Amino acid sequence: DGVDLPGNLDVVEEHFVASDLDPVACEHGTMVASRLAFGPFLQGDMVLRPRCSIIDYKIINEEENSGVLAKRIREAVEKLHERAKVFILCINIEEPFSWEDDEMSVMIDEMCSKYGVTFFVSMGNHRLWENEDDLIRILEDSDSAMAYPADAYSAISVGAATGESHDGSMSPKDGPSAFGRIGPGREGTVKPNVVGLSGTFLRDKSIPTDRFSTLLSPYGFKVNNGTSFSTPDVAGLFMDISKTIGDSEMLMSRAVLYHYARKPEWNCPNSLVNARSLFGFGIVDEKILLHDPHHESILMRRSSIRAGTEEVVTIRIPDKIRNRMSDGHNLDIRITCMIDTIVDRSKGMDSIRATVRIQLKGQKNKNREKGEKFWDICKQKSYKVKTVESNDWSFSIIAFGKEEMKNRMIPYALVVSLVDCSDDADISSEILSDGHYPILGSIDSRVPNRIVTDPRITIKP
């Protein structure tokens with residue numbers, strides 16, 4: 001509903017209004033923009049440096065049907081796709097769109113494919129928390145299931161986890177928020193893709209004040225919560241990653257985001273609700289910005305693989321690391337492979353047309369990660385390596401495609417992290433100095449901390 005940040009906090013480059021829309025109020029859109037631009041607010045005096053600029057495109061001012069909103073979103077993307085590659089859709093409506101009314105999600109898949117943009121879509125909200133104070137009963141209720149347009153295959157759909165502990169909270173810290181929705185998505189795909197941190201509700205339905213519930217409205221600070229505010233924070237961190245690794249097409253940034261989403265410690269007592277349906281690939285917060293180059297080396301590759309073929313990826317393990325392994329230190333290797341989303345919506349519930357599988361070289365075991373589906377477009381594997389017979393450690397990427405995909409090249413982004421926690425490790429230097437990387441490109445650090453030097457904006461709550 002538009003953005004109107006107060007005073008000298010305005011980081012909006014330009015304002016647009018959909019061609020068939022009257023001028024609108026701006027409270028919800030302003031709070032979304034404040035979380036995107038500044039992230040969660042620290043307590044006390046704050047020095048803020050915006051992490052991005054914003055283009056405001058107003059598309060809604062009241063309850064609208066999916067067809068009208070799809071038309072306005074298409075108009076915004078067609079007008080702005082050369083200036084903006086990330087679009088954030090957080091629709092603040094009382095009633096979810098019906099399963100029969102999926103024009104927005106179809107349009108999002110079309111826009112992502114046609115223009116190479118990335119959509120972040122909030123995966124909420126329901127109203128179950130108003131009359132229920134038990135989190136498990138909320139998660140078990142069918143009204144908490146995913147709703148349109150968060151089912152778009154190409155979108156990064158974002159849920160919410162509780163950011164801080166509070167007495168009387170309906171959800172524990174890092175637990176799923178009482179207002180969020182759960183997956184899976186179409187064809188059993190991972191939805192939400194990730195979750196961000198947000199405020200919580202207490203059992204008396206009040207919202208406690210903390211850094212995740214504090215937002216900016218056109219009139220100053222306001223306390224609120226919802227997936228509408230976890231989503232822009234994840235999008236802001238995604239843009240931090242993209243700027244740091246120079247990923248203009250953003251497929252690698254998405255792979256890095258999923259790779260470093262942290263696994264929640266909270267477990268749902270109901271075994272029928274698996275972690276992937278609650279958290280997707282994990283929780284994304286500012287911890288994704290931290291990296292210890294002494295104990296972790298990050299290798300990345302952006303390439304393509306032909307459907308129906310297997311590609312062997314070999315990592316050279318330097319002698320220093322092998323020697324530590326012989327002394328009983330394990331090498332933890334984590335792999336994420338993300339392919340371009342190739343979708344044909346005319347195929348109904350068989351719309352995903354390509355996928356990959358990761359397996360150790362020569363391994364016949366085809367077991368999947370818990371909750372993983374064969375046609376997921378992002379696959380992850382973790383290995384605890386105790387010994388390496390030679391200096392080479394290999395795994396395979398195997399590409400699969402439907403009938404029309406035969407011999408077609410499938411773009412992919414590969415992220416491999418090697419973690420050595422022994423005291424004398426300096427794994428990044430050891431890996432990079434070995435110089436045996438004809439396959440994998442390397443970086444020796446990830447996203448820098450968002451420091452407060454050279455501040456542009458200072459506010460005092």
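1. Proline 192 has its place in the loop between β6 and β7, and a cis peptide bond joins lysine 191 to this proline, with omega at about -5 degrees. The model discussed here is a predicted one, and the angles quoted in this note should be read as properties of that model.

2. A further cis peptide bond links glycine 183 and proline 184, where omega is about 5 degrees. Proline 184 lies in the loop between β6, residues 156–162, and β7, residues 194–198, which is also the loop in which proline 192 is placed.

3. Glutamate 187 is likewise found in the loop between β6 and β7, and its phi is positive, about 60 degrees, although the residue is not a glycine. With a relative accessible area of 23%, glutamate 187 is classed as partly exposed, because buried is reserved for values under 20%.

4. Asparagine 407 also has a positive phi, near 70 degrees, in a residue other than glycine. This asparagine sits in the loop between β15, residues 392–401, and β16, residues 409–419, and at 46% relative accessibility it counts as partly exposed.

5. Where is serine 217 placed, and is it buried or exposed? Serine 217 belongs to strand β8, which covers residues 214–217, and it counts as buried because its relative accessibility is 3%, whereas the limit for that class is under 20%. Once neighbours within four places in sequence are set aside, the residues in contact with serine 217 are Pro6, Glu27, Thr30, Met31 and Lys222.

6. The largest pocket holds about 1,100 Å³ of space. It is lined by 42 residues, and those closest to its centre are Ile54, Ile55, Tyr57, Phe87 and Ile88. Two or more lining residues come from each of α1 (27–38), β3 (54–58), α2 (66–80), β4 (86–89) and α5 (227–245), with α1 giving the largest share, 5 residues. By class, the lining of this pocket comprises 26 nonpolar, 7 polar and 9 charged residues.

7. How many cavities of 30 Å³ or more does the structure hold? There are 2 of them, and the largest cavity contains about 140 Å³ of space. Its lining is made up of 13 residues, among which Tyr153, Thr189, Val190, Asn193 and Ile377 lie nearest the centre. That lining divides into 8 nonpolar, 2 polar and 3 charged residues.

8. The second largest cavity encloses about 50 Å³. Its lining consists of Leu139, Gly159, Ala160, Pro176, Ser177, Gly180, Arg181, Ile182, Val195 and Leu278, and by class these are 6 nonpolar, 3 polar and 1 charged.

9. On confidence, the protein has an average pLDDT of 83, and 86% of its residues score at least 70. Over residues 437–461, however, pLDDT stays under 50, and for this stretch the model has 80 contacts beyond four places in sequence. A reader who wishes to discuss those contacts should keep in mind that they belong to a stretch where pLDDT stays under 50.

Terms used:
Residues numbered from 1 in each chain as written. Predicted model: local features only at pLDDT ≥ 70, side-chain atom pairs only at ≥ 80, totals over all residues. Heavy atoms only, no water. 1 Å grid on protein atoms, 1.4 Å probe; cavity = no way out; pocket = protein on both sides within 12 Å on 5 of 7 lines; lining within 4 Å. Points joined across faces, edges and corners; volume = space filled by probe spheres on them. Helix = DSSP H or I, 4+ residues; strand = E, 2+ residues; numbered from the N terminus. Nonpolar A, V, L, I, M, F, W, Y, C, P; charged D, E, K, R; others polar. pLDDT = per-residue confidence, 0-100. Contact = heavy atoms within 4.5 Å. Buried < 20%, exposed > 50% of the residue type's maximum accessible area, 1.4 Å probe, protein only.
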